[in-house]
Amino acid sequence: MKIIKTGLVAVFLSTTGIAFGQTTPGTIDKGPLKVGPISPHDATERGTLLGLSATASSPNFTNQTKKQYEEANTVLFYNPNNPGSGLTLVASRKEDFTGITPSPARSEQDFTHYRWTYMGQDNNAATDGTAFNAGLDATDGWLKEYTAANDNKLSVTGLTQGYHYFKVQGYIVPTGTTLNETCIQYSETFVVFVLPQLTVDAKRADAGTGPLQYCEINAASQTSVVLKADVNYTNYAGTPALGNFELKYNWYAVKAGTDGTFPTEPTLENIGSLTPVTTNLVTSNSNSLTPSIAEVGKYKFFVEVEYTVKDRTYDGAETAAARKRTYALYRGWVGGTNQATASEIFVTPAPGKPHITIEGVTD
């Protein structure tokens, strides 16, 4: 998962204009972004911003300004090598009167207590969240008195794939009173989404069984070899059901040596000198590839798939030998499960014309 600075999350909660301040669902407005911590998981605008759309031409796919604020704070990767993602939610220190009618005729005060509740993956009701924080039981939630610097924070770990809703209520308990005597508490709900794992099935697009080959002089226009990658969310068991995320596909070719054997299979961590093969598409990445390699030889192809909604190169460009977040890359070999079992694709030579001479002439 991406490491998130708690200070940034604190800003996210405390500057929404709705924290602890209204009884009906609202939205967060940070520049052009009008979807926020309490929008429901099936809200149209939220789904669009997360890439849940079948329209590849949607402006939300290219307008990163609309997505970057929410992605930085609420969209996480799931790491199967260290299962579960996590972060720290930070509630604002002072109460917020925005949306309260009538608004109290006094200055905002500091909260003295906080109650955190896990609202499950659909925000329908309080749910047992002890798997993510030992205090998040379904009955009482996690009540914390603000007596130390971090008592307004909730650390959650081990988040599973899909949506997670966390609600916080603030209490102001004057000296000499008890918690039970306080007035109604307004609440803020924060939504986290953990990207599900993918499985990739790379294969020939025509479903044929014959040799995969084309002639070197036809490389730029050949249609005999067309590859495609089908992606499934087979490991996802969360709620709600998923639509289709926008995904990025990078295709690679591995060429056999002059002796006909292939080099060692490139790892996710180090792909050596390999570079993505052109997709024959100028403006977008595609789940299909029509190879245009003109160099005669024997090849095997694989594709790497990643989410467009969340950049795995979180701190800048990565090198082929120092790749980041490899658990966020999903690879499929064309026709097989690895390089050894992948299909062989041949770029065949175009023989030149033979010359005719004569010998052994008898008149």
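How many of the 363 residues of the chain count as buried? In this predicted model, the share that counts as buried is 44%.

**Figure 1. The whole chain, as a predicted model.** The secondary structure consists of three helices and 15 strands. About 18300 Å² of surface is accessible, and carbon and sulfur atoms hold 51% of that area. Among contacts with a separation of 6 or more, 72% are between residues 24 or more positions apart.

**Figure 2. Confidence along the chain, given as pLDDT.** The average pLDDT is 77, and 74% of the residues score at least 70. Of the elements of the chain, strand E15 (residues 345-348) has the highest mean, 97, and helix H1 (residues 6-14) the lowest, 29. Over residues 1-41 the pLDDT stays under 50, although the model has 116 contacts beyond four places in sequence for this stretch. Residues 52-67 also stay under 50, and for them the model has 24 such contacts beyond four places in sequence. Coordinates predicted with low pLDDT should not be read in detail.

**Figure 3. An open sheet of five strands.** The strands are arranged in the order E1-E7-E6-E3-E4, and their pairing is mixed. Strand E1 (75-76) and strand E4 (142-145) stand at the edges; each has a single partner strand, so one side of each lacks a neighbour in the sheet. Strand E6 (residues 162-171) and strand E7 (residues 187-194) run antiparallel and are joined by eight bridges. Gln169 has its bridge partner in E7, namely Ser187.

**Figure 4. Tyr114 and Tyr146, one of nine aromatic pairs in the structure.** The two ring centres are 6.1 Å apart and the planes stand at 55°, so the pair is tilted. Tyr114 belongs to strand E3 (residues 113-118), while Tyr146 is in the loop between E4 and strand E5 (153-159); the pair therefore ties together parts that are 32 residues apart in sequence. Tyr114 is buried, with a relative accessible area of 0%, whereas Tyr146 is partly exposed at 22% relative accessibility. Phe111 joins Tyr114 and Tyr146 in a cluster linked by ring pairs. Arg93 lies over the face of Tyr146, 3.3 Å from the ring centre.

**Figure 5. The ring pair of Tyr118 and Phe166.** The pair is tilted, because the planes are at 45° with the ring centres 5.1 Å apart. Distant parts of the chain are linked here: Tyr118 is in strand E3 and Phe166 in strand E6, 48 residues apart. Tyr118 counts as buried at 4% relative accessibility. Phe166 is buried too, with a relative accessible area of 1%.

**Figure 6. Arg331 and the ring of Phe302.** Arg331 lies over the face of Phe302. The distance to the ring centre is 4.2 Å.

**Figure 7. The surroundings of Ala342, a loop residue.** Ala342 lies in the loop between strand E14 (330-333) and E15. Is Ala342 buried or exposed? The relative accessible area of Ala342 is 7%, so this residue is buried. Beyond four places in sequence, Ala342 touches Lys300, Trp333, Val334, Gly335 and Gly336. Phe301 is 41 residues away from Ala342 in sequence, yet the two are 7.6 Å apart in space, C-alpha to C-alpha.

Technical notes: Residues numbered from 1 in each chain as written. Predicted model: local features only at pLDDT ≥ 70, side-chain atom pairs only at ≥ 80, totals over all residues. Heavy atoms only, no water. Pairing = 2+ DSSP bridges. Helix = DSSP H or I, 4+ residues; strand = E, 2+ residues; numbered from the N terminus. pLDDT = per-residue confidence, 0-100. Contact = heavy atoms within 4.5 Å. Buried < 20%, exposed > 50% of the residue type's maximum accessible area, 1.4 Å probe, protein only. Areas by Shrake-Rupley, 256 points an atom, 1.4 Å probe, with all protein chains shown as cover. Phe/Tyr/Trp six-rings, centres within 6.5 Å; stacked < 30°, edge-to-face > 60°. Lys NZ or Arg CZ within 6 Å of the ring centre and 35° of its normal.
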